[in-house]
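Trainee: I should like to examine how the descriptive terms applied to a structure follow from their cut-offs. May we proceed term by term?

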Amino acid sequence: MDPHEYCQTKAAGSGSSFYYSFLFLPGERRRAITALYAFCREVDDAVDDCSDAATARATLAWWRQELAAAFHGTPQHPVARALAEVAPRFNLAEARLNEIIDGMQMDLEFNRYPSFEVLRQYCHRVAGVVGLLSAEIFGYQDRRTLEYAADLGMAFQLTNIIRDVGEDARRNRIYLPLDEIERHGVSESDIAQLRETANFRRLIEFQIERALGYYREAFAKLPAADRRAQRAGIVMAAIYRAVLDEIRRDGCRVLSRRLSLTPIRKLWIAWWTWVKG
């Protein structure tokens with residue numbers, strides 16, 4: 001399979017909101033963002049789909065070698081080959097791609113986060129950096145757009161964390177900061193045993209407000225001159241904020257269910273947001 005066809009199949013098969021956000025991009029930029037997304041999926045799956053930590057570490061180390069080959073040699077994996085093609089055109093830095101792997105590696109070292117300060121580093125690596133790379137692909141005139149992109153990536157990851165609390169708990173992972181859990185009168189056992197108490201709902205409301213704050217901060221930093229170029233990120237923000245709205249409407253019951261939007265609704269939001277600009 002052609003490397004870009006492989007990346008397209010990987011992206012489409014995920015059903016992610018990310019995929020819907022770049023459907024309307026012109027061909028060259030769409031291929032680049034699809035290659036970036038496929039890379040993120042590959043390294044994320046290397047950790048999430050592997051029950052043996054040593055094997056996961058070895059796989060991430062192999063991906064670091066593939067990245068080096070993509071920039072300085074001949075890579076083997078179709079995703080690395082696709083990245084080798086698009087990276088020079090869109091200023092995708094090897095160091096930033098390795099930082100995404102650093103974030104995935106944190107999942108092998110932590111299954112709890114003591115404070116938001118520690119969690120923020122994780123979110124920046126696995127999502128803020130993706131935002132920065134995405135901004136390079138979409139294009140910008142004003143470097144303040146990079147600040148917008150990093151904050152938007154943070155907002156996306158915080159939304160993912162809120163949506164996936166129950167799913168993560170079943171895998172013995174808690175991304176909500178432990179000091180905030182305690183401050184809201186919630187225990188780790190409440191989360192592990194999927195008890196959706198009134199205190200837990202208040203905790204999730206607090207997390208939603210933080211995520212919304214990052215969305216507001218991001219868009220306050222987006223220069224008007226770059227808004228059109230960055231429409232794909234704006235589309236994704238519209239989809240993700242709709243997920244937060246659904247979680248609130250459902251009473252913040254993220255332990256007992258994982259809310260998601262239907263493909264047709266994602267497509268509608270994507271089209272409408274793109275048209276509005």
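Trainee: Why is Asn172 called partly exposed?

Mentor: Buried means under 20% relative accessible area, exposed over 50%, and partly exposed in between (1.4 Å probe, protein chains only). Asn172 has 43% relative accessibility, so it counts as partly exposed. The model is a predicted one, in which local features need pLDDT of at least 70 and side-chain atom pairs count only at pLDDT 80 or more, while totals for chains, interfaces and linings use all residues. Residues are numbered from 1 along each chain as its sequence is written, and side-chain values use heavy atoms, with hydrogens and water left out.

Trainee: Where is Asn172 found, and what is notable about its phi?

Mentor: Asn172 belongs to the loop between α9 (165-170) and α10 (178-183); helices here are DSSP runs of H or I with at least four residues, numbered from the N terminus. Its phi is positive, about 60 degrees, although Asn172 is not a glycine.

Trainee: What makes Phe200 buried or exposed?

Mentor: Its relative accessible area is 0%, and Phe200 is therefore buried. Phe200 is placed in helix α12. Beyond its neighbours within four places in sequence, Phe200 is in contact (heavy atoms within 4.5 Å) with residues including Val186, Ile191 and Cys252.

Trainee: How do you know that Arg120 and Glu117 form a salt bridge?

Mentor: A salt bridge requires a side-chain nitrogen of Lys or Arg within 4 Å of a carboxyl oxygen of Asp or Glu. The closest N and O atoms of Arg120 and Glu117 are 2.3 Å apart, so the pair satisfies that criterion. The two residues are 3 residues apart in helix α7, and are therefore separated by about one helical turn. Glu117 is exposed because its relative accessible area is 52%, whereas Arg120, at 31%, is partly exposed.

Trainee: Which residues does Asp164 meet in salt bridges?

Mentor: The side chain of Asp164 meets that of Arg163 at 2.8 Å, N to O, and that of Arg258 at 2.8 Å, N to O. Asp164 lies in the loop between α8 (144-163) and α9, and Arg258 in the loop between α13 (231-249) and α14 (263-276), so this pair ties together parts that are 94 residues apart in sequence.

Trainee: Why is Asp164 called buried, and why is Arg258 called partly exposed?

Mentor: Asp164 has 10% relative accessibility and therefore counts as buried. Arg258 has a relative accessible area of 39%, so it is partly exposed.
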